[in-house]
Amino acid sequence: MFQLPKTCYIGLALSALAAPTDASEMFAKGSPWMLGDWGGTRSELLEKGYDFTLGYTGEMGSNLHGGFDHDRTARYSDQFTFGSHLDLEKILGWHDTEFQLTITERHGDNISNDRINDPRVGGFTSAQEVWGRGETWRLTQMWIKQKYFDGALDVKFGRFGEGEDFNSFPCDFQNLAFCGSQVGNWVGGIWYNWPVSQWALRVRYNLSNALYAQVGVFEQNPSNLESGNGFKLSGSGTQGAVMPIELVWSPQVNGLKGEYRAGYYYSNAKAQDVLKDSNGQPAALSGAAYRSSSSKHGLWLGAQQQVTSLASDQSRGLSLFANATMHDKKTNAIDNYVQAGLVYKGPFDARAKDDIGFALARVHVNPAYRKNARLANQAIGTDDYDNPGFLPVQDTEYSAELYYGIHLADWLTVRPNLQYIRHPGGVSQVDGALIGGLKIQSSF
């Protein structure tokens, strides 16, 4: 059976925007949903506590210049999100209680895997952040949350990822180094971001209107990462727990919103040393197994602050942001990461809901991990990068992205972008890569 490609569906949606429609109708620019209000049914359901969502994110990446493989091509990856949020106070009379259920499906290809990065070692960032964790369906959220003591205490339990509450950050950029919780990008073996979920408990206490502290306990179970375990609910394969703690301050600076985060994570599961064996010798030379550490830990800092606004619309203006993470040098390939950037919302009066973003990031490889690669090459007697058996030595990767977000409707934003990655995967022999991207975010 013949099927229209995804770009045709996008084209149809864009064409429909040309027709002025009532906000409750399909394709109306002022509606939060592409399919409209279902004749008022959606608004009625919201009033009764039922909120249903269908979201779509699609990302295209093309290697315009450089990278590991200079042959130009384009890749597309995407994600569908099916969600329901229930206000159980309205539905069942349970005071200050909410329930969330979300199922996701991802598929597609990533330009970073074989065109930008050296496939022998892979990369750190990804030019298409929506790609990853397998082309499969997943139970991404299934949690219940209840508040106590007039909202001062907030308890959440069920299946969700760490980045949903801890080290949280928006995902408007397309490069992974500027999208979402960054801890999960650099210790992804233990910290599982969206769309992976695990059994978890998060407790938050509001110290004031602008300050709260939270602590969590998350199941550390690598089997949850497997494509065939997207709906696994059992605890088989659990190795331990990841326990994050975080302080979040959300001040108003001259009437403008800000958010500042500081946190620490600790894993009580065994972690493999990146260099030495149980005798303290380099495992790459001794041939013995890498020794185990009894734990793994790290910390993060994050800041977002709006610094300018327009008198006519305070949502428009310049915002600055920065994030940094540091990780255990004994057991982690990445020892530190820093990132900074800016977003300007409403750059033109005629395009008051558009936004412009620019960011820079640096990912630094642990010197012990780098030494292990050198010794591995020494063990097989080669220092020739072009030798298929050579293990590329990774050091520092730099990323930059510039995007322009076109707010076509309240349910559709399209963000063309340019990315530049210097030393992809931290491999100095790989040419810097210029990538053209396109990110589509829509709500049906």
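How many nonpolar, polar and charged residues does the lining of the second largest pocket have? I shall come to that lining in a moment, after a word on the model.

Colleagues, the structure above is a predicted model. The protein has 444 residues, and its radius of gyration is 23 Å, which agrees with the value near 22 Å for a compact globule. Along the principal axes, the C-alpha trace spans about 70 × 55 × 50 Å. Seven helices and 19 strands make up the count of elements. Of the 444 residues, 47% count as buried. As for contacts between residues at least 6 apart in sequence, 64% of them join residues at least 24 apart.

Let me now return to the opening question. By class, eleven residues of the lining of the second largest pocket are nonpolar, ten are polar and four are charged. This pocket holds about 550 Å³ of space. Its lining comprises 25 residues, and those closest to the centre are Lys257, Gln304, Gln306, Ser319 and Lys345. Four strands each supply at least two residues to this lining: S10 (256-267), S13 (296-306), S14 (317-327) and S15 (334-345). Strand S10 gives the most, with four residues.

I turn next to the enclosed spaces. The model contains four cavities of 30 Å³ or more, and the largest of these has a volume of about 50 Å³. Which elements give two or more residues to the lining of the largest cavity? They are helix H2 (41-48) and strand S1 (50-67). The lining residues are Trp33, Trp38, Arg42, Leu45, Leu46, Tyr50, Asp51 and Phe52. By class, six of the lining residues are nonpolar and two are charged, while no polar residue takes part.

Finally, the cysteines. The count comes to one disulfide, and it joins Cys171 to Cys179 with an S to S distance of 1.7 Å. The link of Cys171 and Cys179 is left-handed, with -80° about the S-S bond. Are the two partners buried or exposed? Cys179 counts as buried because its relative accessibility is 6%, under the 20% limit. Cys171, by contrast, has a relative accessible area of 23% and is therefore partly exposed, as its value lies between the limits of 20% and 50%.

To close, I would recall two items: the pocket of about 550 Å³, second largest in the model, and the disulfide between Cys171 and Cys179. Thank you for your attention.

Definitions and conventions: Residues are numbered from 1 along each chain as its sequence is written. This is a predicted model: local features need pLDDT of at least 70, side-chain atom pairs count only at pLDDT 80 or more; totals for chains, interfaces and linings use all residues. Side-chain values use heavy atoms; hydrogens and water are left out. A disulfide is a pair of cysteine sulfur atoms within 2.5 Å. Buried means under 20% relative accessible area, exposed over 50%, partly exposed in between (1.4 Å probe, protein chains only). On a 1 Å grid over the protein atoms alone, a cavity is a set of points where a 1.4 Å probe fits but cannot get out, and a pocket is an open set with protein on both sides within 12 Å along at least five of seven lines; lining residues have an atom within 4 Å of a point. Grid points are joined across faces, edges and corners, and a volume is the space filled by probe spheres set on the points. Ala, Val, Leu, Ile, Met, Phe, Trp, Tyr, Cys and Pro count as nonpolar, Asp, Glu, Lys and Arg as charged, and the others, Gly among them, as polar. The radius of gyration is taken over C-alpha atoms; the globule rule is 2.2 Å times the number of residues to the power 0.38. Contact means heavy atoms within 4.5 Å.
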